[in-house]
Amino acid sequence: MTAIEAKKKKASSTVGRPRTFDRDSALMEAMRVFWSRGYEGTSIQDLVEAMGVNKPSLYATFGCKEELFREAVELYERTEGLHVTRSLERATSARAAVEEMLRTNAVAYTDAAKPRGCMIVLSSLLGAPENEEVRRFLAENRLNGERSLKQRLQRGIAEGDLPPSADVDRLAAFYTTVLEGLSIQARDGASPEKLSSIIDAAMLAWPQS
């Protein structure tokens, strides 16, 4: 067999084989597309191009678009969500935890190397009726964040750095709303300085001992 014949045989043997790819890297690219364009604004073709896979491979590996989106959200929580988790766990007081949560996320929301704002806040607030399950999924995710903040505030009362009279439900809802508002401001192009000034104002609402 000549070298040319061998080359042709090798090429023909690979025809029809699925393109191999790094699943984790592909999922990261999918996350960035959803983060940039939202759930409904992202097409399968957008995902195929960003992930470097063909449609059969995408469906075989991740299932449908909604399943891929859910995985992308879980990845976002494990990576970008660390800003909130670390703030709530490591801060020495409830007030410090809330302020650090807001400020670290404000920096992350305006990182030039990434899409602006929070993927979970921005991905699917409104949309077609058939995507109601996706919106429910994201709403529950946001509510879980509020619950985590409430638990940290309750810990603050137990440890004596937050007054026992503090309304932790109201505080958790308020500062969660501020955090989500920072995401929208960031997506609209707000500067880090503007976000910082919003946080300064929000911290004035902290209960006094």
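**Figure 1. Arg 95 and Glu 99 sit about one helical turn apart, because they are four residues apart in helix H7 (residues 94-109).** This close-up, like the others here, shows a predicted model. Arg 95 forms a salt bridge with Glu 99, and the closest N and O atoms of the two are 3.0 Å apart. Are these two partners buried or partly exposed? Arg 95 is partly exposed, at a relative accessible area of 33%. Glu 99 counts as partly exposed too, with a value of 22%.

**Figure 2. Arg 147 and Glu 140 meet through their side chains in a salt bridge.** Here the N to O distance is 2.9 Å. Arg 147 has a relative accessible area of 39%, so this residue is classed as partly exposed. Glu 140 has a relative accessibility of 36% and is partly exposed as well. Elsewhere in the model, salt bridges with shared partners join Arg 95, Glu 99, Arg 103 and Asp 200 into one network. If you are still looking at the view of Figure 1, you will recognise Arg 95 and Glu 99 as members of that network.

**Figure 3. A salt bridge between Arg 135 and Glu 40 links distant parts of the chain.** The side chains of Arg 135 and Glu 40 come together with an N to O distance of 3.7 Å. Where in the chain do Arg 135 and Glu 40 lie? Arg 135 belongs to helix H9 (residues 132-159), while Glu 40 is in the loop between helix H2 (23-37) and helix H3 (44-51). That puts the two residues 95 apart along the chain. Their surroundings are worth a look too: Arg 135 is buried, with a relative accessible area of 11%, whereas Glu 40 is partly exposed, at 36%. For the whole structure, the count of salt bridges comes to 14.

**Figure 4. Phe 34 and Phe 69 form one of the six aromatic pairs found in a search of the whole structure.** A pair of aromatic rings is described by the distance of the centres and the angle of the planes. For Phe 34 and Phe 69, the ring centres are 4.9 Å apart and the planes stand at 80°, so the pair is edge-to-face. Phe 34 comes from helix H2 and Phe 69 from helix H5 (residues 65-79), so-called distant parts of the chain that are 35 residues apart. Both of these Phe residues are buried. Tyr 39 joins the picture as well, as ring pairs link Phe 34, Tyr 39 and Phe 69 into a cluster.

**Figure 5. Trp 35 and Tyr 76 make another edge-to-face pair.** How far apart are the ring centres of Trp 35 and Tyr 76, and at what angle are their planes? The centres are 5.0 Å apart and the planes are at 85°, which is why the pair counts as edge-to-face. Because Trp 35 lies in helix H2 and Tyr 76 in helix H5, the pair ties together parts that are 41 residues apart in sequence. Trp 35 is buried, with a relative accessibility of 3%. Tyr 76 is buried as well, at 5%.

**Figure 6. Lys 65 and Arg 70 each lie over the face of an aromatic ring.** Lys 65 is placed over Tyr 39, at 4.5 Å from the ring centre. Readers of Figure 4 have already met this Tyr 39, in the cluster with Phe 34 and Phe 69. For Arg 70, the ring is that of Phe 137, and the distance to the ring centre is 4.5 Å.

**Figure 7. Helix H10 (residues 168-187) packs with helix H11 (residues 192-203).** Two packed helices are described by the angle between their axes and the distance between the axes. For H10 and H11 the angle is about 165° and the axes are 10 Å apart. H10 and H11 are therefore roughly antiparallel to each other. The crossing in which H10 passes H11 is right-handed.

**Figure 8. Thr 176 is a buried residue in helix H10.** Its relative accessible area is 9%, so Thr 176 counts as buried. Thr 176 and Arg 142 are 34 residues apart in sequence, yet their C-alpha atoms are 8.5 Å apart in space. To set this view in context, the protein has 11 helices and zero strands, and buried residues make up 39% of its 209 residues.

How values were computed:
Residues numbered from 1 in each chain as written. Predicted model: local features only at pLDDT ≥ 70, side-chain atom pairs only at ≥ 80, totals over all residues. Heavy atoms only, no water. Salt bridge = Lys/Arg side-chain N within 4 Å of Asp/Glu carboxyl O. Buried < 20%, exposed > 50% of the residue type's maximum accessible area, 1.4 Å probe, protein only. Phe/Tyr/Trp six-rings, centres within 6.5 Å; stacked < 30°, edge-to-face > 60°. Lys NZ or Arg CZ within 6 Å of the ring centre and 35° of its normal. Axes fitted to C-alpha atoms, helices over the stretch in contact; angles between N-to-C directions. Parallel < 35°, antiparallel > 145°, perpendicular 65-115°, else oblique. Left-handed = near helix turned anticlockwise from the far one by under 90°.
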